Amino acid sequence: MAGLEGMDREPRQRGGTAAAARTPEAAARAPEGADEETAAALGAYGSPADGEVELPSLPESARIARRLTEHVVQRQWSLGHHVAEHAVLLVSELVGNAVRHTGARVFGLRLHRRRGSIRVEVRDPSRGLPCLLPVRETDVSGRGLFLVDTLADRWGVDLLPRGKTTWFEMRVHDR
């Protein structure tokens, strides 16, 4: 991912994804077969497989990030439900951490496909490192990185001059 240029910018469309879906430009960008909410997200923010998308640092952005991730993994890359399910769960955890713990106005989401693997990246302007904590059965929070550590094949954090990128990789079977 690039540096933090533009982290203070607003998303491409204002007024939420529902408003964005009603514009002719958004309708033209939305792929055929995407449900209305996914089409609205793609129209407003673009595909994280085509380049980093910036989402507002709000709790509802986790839903948008999940929709975008599911669409890319299942429809663009045709990787199947199991891979998509894990990727969606893990992206939700990384986005949740970025929204809750960084104080940022926006964060970046990017998905990469490589031969035999996918990589999901969440970039934010905080240099505070996420911490993998021990998890007990009675814990009601703090399980996010435990899930990432358990389900991803690799994960880590890349420090940037003004922030960080938290990422995970999953092996996939190429067709």
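**Figure 1. Gly 103, just past the end of helix 5.** In this predicted model, Gly 103 adopts a positive phi of about 70°. You will find this glycine just after helix 5, the element that the next views explore.

**Figure 2. Helix 5 along its length.** Helix 5 covers residues 81-101, 21 residues in total. From its first C-alpha to its last it reaches 30 Å, close to the 30 Å expected at 1.5 Å a residue. Is this helix mostly covered or mostly exposed? Mostly covered: 15 of the 21 residues in helix 5 are buried.

**Figure 3. Asn 97 and its contacts.** Asn 97 belongs to helix 5. If you set aside neighbours within four places in sequence, Asn 97 is in contact with Thr 102 and Leu 145. Val 122 is also worth finding in this view: Asn 97 and Val 122 lie 25 residues apart in sequence, and their C-alpha atoms are 9.7 Å apart in space.

**Figure 4. Helix 4 against helix 5.** Helix 4 (residues 61-76) packs with helix 5 at an angle of about 150°, and the two axes are 9 Å apart. The two helices are therefore roughly antiparallel to each other, since angles over 145 degrees count that way. Helix 4 passes helix 5 in a right-handed crossing. On the helix 4 side, look for Ser 61, Ala 62, Ala 65, Arg 66, Thr 69, Glu 70, Val 73 and Gln 74. They meet His 81, Val 83, Ala 84, Ala 87, Val 88, Val 91, Ser 92 and Val 95 in helix 5. The residues of this contact divide into 9 nonpolar, 5 polar and 2 charged.

**Figure 5. Helix 3 against helix 4.** Here helix 4 appears again, now with helix 3 (residues 36-45). The pair packs at an angle of about 95°, with axes 9 Å apart, which makes helix 3 roughly perpendicular to helix 4. Glu 37, Thr 38, Ala 41, Leu 42 and Tyr 45 in helix 3 meet Arg 63, Ile 64, Arg 67, Leu 68 and His 71 in helix 4. By type, the residues of this contact divide into 5 nonpolar, 2 polar and 3 charged.

**Figure 6. Stepping back to the chain.** To place the close-ups in context, the chain has 6 helices and 5 strands. From the N terminus on, these elements run α-α-α-β-α-α-β-β-α-β-β. Buried residues account for 50% of the 175 residues. Among contacts between residues at least 6 apart in sequence, 66% join residues at least 24 apart.

Key: Residues are numbered from 1 along each chain as its sequence is written. This is a predicted model: local features need pLDDT of at least 70, side-chain atom pairs count only at pLDDT 80 or more; totals for chains, interfaces and linings use all residues. Side-chain values use heavy atoms; hydrogens and water are left out. Helices (H or I, at least four residues) and strands (E, at least two) are DSSP runs, numbered from the N terminus. The expected span of a helix is 1.5 Å times one less than its number of residues. Buried means under 20% relative accessible area, exposed over 50%, partly exposed in between (1.4 Å probe, protein chains only). Axes are lines fitted to C-alpha atoms, for helices over the stretch in contact, and angles run from 0 to 180 degrees between N-to-C directions. Angles under 35 degrees count as roughly parallel, over 145 as roughly antiparallel, 65 to 115 as roughly perpendicular and the rest as oblique. A crossing is left-handed if the near helix is turned anticlockwise from the far one by less than a right angle, and right-handed if clockwise. Contact means heavy atoms within 4.5 Å. Ala, Val, Leu, Ile, Met, Phe, Trp, Tyr, Cys and Pro count as nonpolar, Asp, Glu, Lys and Arg as charged, and the others, Gly among them, as polar.
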